[in-house]
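I opened this notebook to record, entry by entry, what I looked up in one structure and what I found there.

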Amino acid sequence: MFLENRVALVTGASQGIGRAIALTVAKHGAVVAVNYYPGQSDQAALVVEEIEKAGGRAFSVAADVSKKSDVEEMVDAVVKRSGSLDILINNAGITRDQLLLRMKDQDWEAVLATNLNGVFYCTRSALKWMLKSRWGRVVSLASVVGVTGNAGQANYGASKAGIIGFTKCVAREVASRGINVNAVAPGYIRTEMTDRISPQAREELQGRIPLGRIGTPEDVAGAVVFLVSPGADYITGQVLHVDGGMAI
Amino acid sequence: MADLSDQAIFEKVRSIIVEQLGVEENAVALETSFEALNADSLDIVELIMALEETFGMEIPDEDAEKILTVGAAVEYIKANS
């Protein structure tokens, strides 16, 4: 229970990787604020229920992370309810895939707004509280796409590469205050987001993965929880790939 | 906050500095510069934020940059709160 007495906020935790992270972080003793995009309250409630059934503590909180005011209200609400904010997992993210030549302005902007601006707003708000207690862990979800690229995902790739640069800069800024800032770069993970890939594309993908399988949300959650555990106290500014060896 | 005396403002500012920078109270006088107190850039940001919160005001970056001593902070608060 190495996260006992810690308060964790996981964005986009109503499904997929975020949900797995919330469940795993709760299992190690943290109180988990399960953030969901407005409209996903039922799914978020299910995650809270699952955590509580397993003996953990959690509550849900809505926010569209692309909106600064939503984020500030959310962080204030979490701190008001739980007394602190020690761990921030920036997981909320979307895709709007399209080849660049055909990519619409709004599809570029929407992905950057949620994936990158969201990380900016959430981290900036959370840091205020972590600085006060001189302890914090921030883990943001980047992606193999932000490192090696993928056709049709210029917006997504840009946002994820942006998260990597952001992580390294902020890690340097707050390291002296006991706050570690890292990123996890998942490869292809079986979730609602990737379920939309065609079976042929999926098979082709699997062929390219050294470990021979598509990842699970639990694979990613394991890496995230490691980064917020005492075992990772000397790790900051890093990008931990969880991609079955796709990018070596 | 309009009726706070200079001394009261100074004492509040001093207590914030003592807490933030971990220095002794008697190391903080009006003429003391933040540089002399070994405040790094993050310390200054936190100090400004603490002042904003305590005195219920916003201190834009251009103004914050000019607050180099404890006395300057007290003057600024007096003039703007």
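The entries below go through a sheet, the helices that lie across it, the nonpolar cores, a helix crossing and one residue.

**Entry 1, the sheet.** I noted before anything else that this is a predicted model. In chain A I then looked up an open sheet of seven strands, and I wrote down its order as E3-E2-E1-E4-E5-E6-E7, with parallel pairing. The edge strands of this sheet are E3 (57–62) and E7 (239–242) of chain A, each of which pairs on one side only. I also looked up how neighbouring strands are turned against each other, and the average is 20°, with direction ignored.

**Entry 2, one strand pair.** I picked E1 (residues 7–10) and E2 (residues 31–36) of chain A, which run parallel and are joined by four bridges. Within this pair I found Val7(A) standing opposite Val31(A), a residue of E2(A).

**Entry 3, helices across the sheet.** Helix H2 of chain A, residues 41–53, lies across E2 and E3 of chain A, and it runs at about 170° to E3(A). Helix H3 of chain A, residues 68–82, lies across E1, E2 and E3 of chain A, and its angle to E3(A) is about 155°.

**Entry 4, the cores.** Which residues touch the most other members of the largest nonpolar core? I found that they are Ala22(A), Val32(A) and Val34(A), in a core of 70 residues. Helix H4 (residues 105–133) of chain A gives the largest share of this core, namely eight residues. I followed Val32(A) further and, leaving aside neighbours within four places in sequence, listed its contacts, which include Ala8(A), Val10(A), Ala22(A) and Ile51(A). Another core, of 14 residues, lies apart from this one, and among its members are Ile17(B), Val28(B), Leu51(B) and Phe55(B).

**Entry 5, a crossing in chain B.** The axes of helix H1 (residues 6–21) and helix H4 (residues 70–80) of chain B come within 10 Å and cross at roughly 125°, and because of that angle H1(B) counts as oblique to H4(B). The crossing in which H1(B) passes H4(B) is right-handed. On the H1(B) side the residues that meet the other helix include Phe10(B) and Val13(B), and on the H4(B) side they include Val74(B) and Ile77(B).

**Entry 6, one residue.** Is Ala77(A) buried, exposed or partly exposed? Ala77(A), which has its place in helix H3 of chain A, is partly exposed, because 16 other C-beta atoms lie within 10 Å. I last noted that Ala77(A) and Ala33(A), though 44 residues apart in sequence, are 9.8 Å apart in space, C-alpha to C-alpha.

Note on methods:
Residues are numbered from 1 along each chain as its sequence is written. Chains are lettered from A and ligands numbered from 1 in the order in which they are written. This is a predicted model: local features need pLDDT of at least 70, side-chain atom pairs count only at pLDDT 80 or more; totals for chains, interfaces and linings use all residues. Two strands pair if DSSP finds at least two bridges between them. Axes are lines fitted to C-alpha atoms, for helices over the stretch in contact, and angles run from 0 to 180 degrees between N-to-C directions. Two residues are in contact if their C-beta atoms, placed from the backbone, lie within 7 Å. A nonpolar core is a set of buried Ala, Val, Leu, Ile, Met, Phe, Trp, Tyr and Cys residues joined through C-beta atoms within 7 Å. A residue is buried if 20 or more other C-beta atoms lie within 10 Å of its own, exposed if 12 or fewer, and partly exposed in between; C-beta atoms are placed from the backbone. Angles under 35 degrees count as roughly parallel, over 145 as roughly antiparallel, 65 to 115 as roughly perpendicular and the rest as oblique. A crossing is left-handed if the near helix is turned anticlockwise from the far one by less than a right angle, and right-handed if clockwise.
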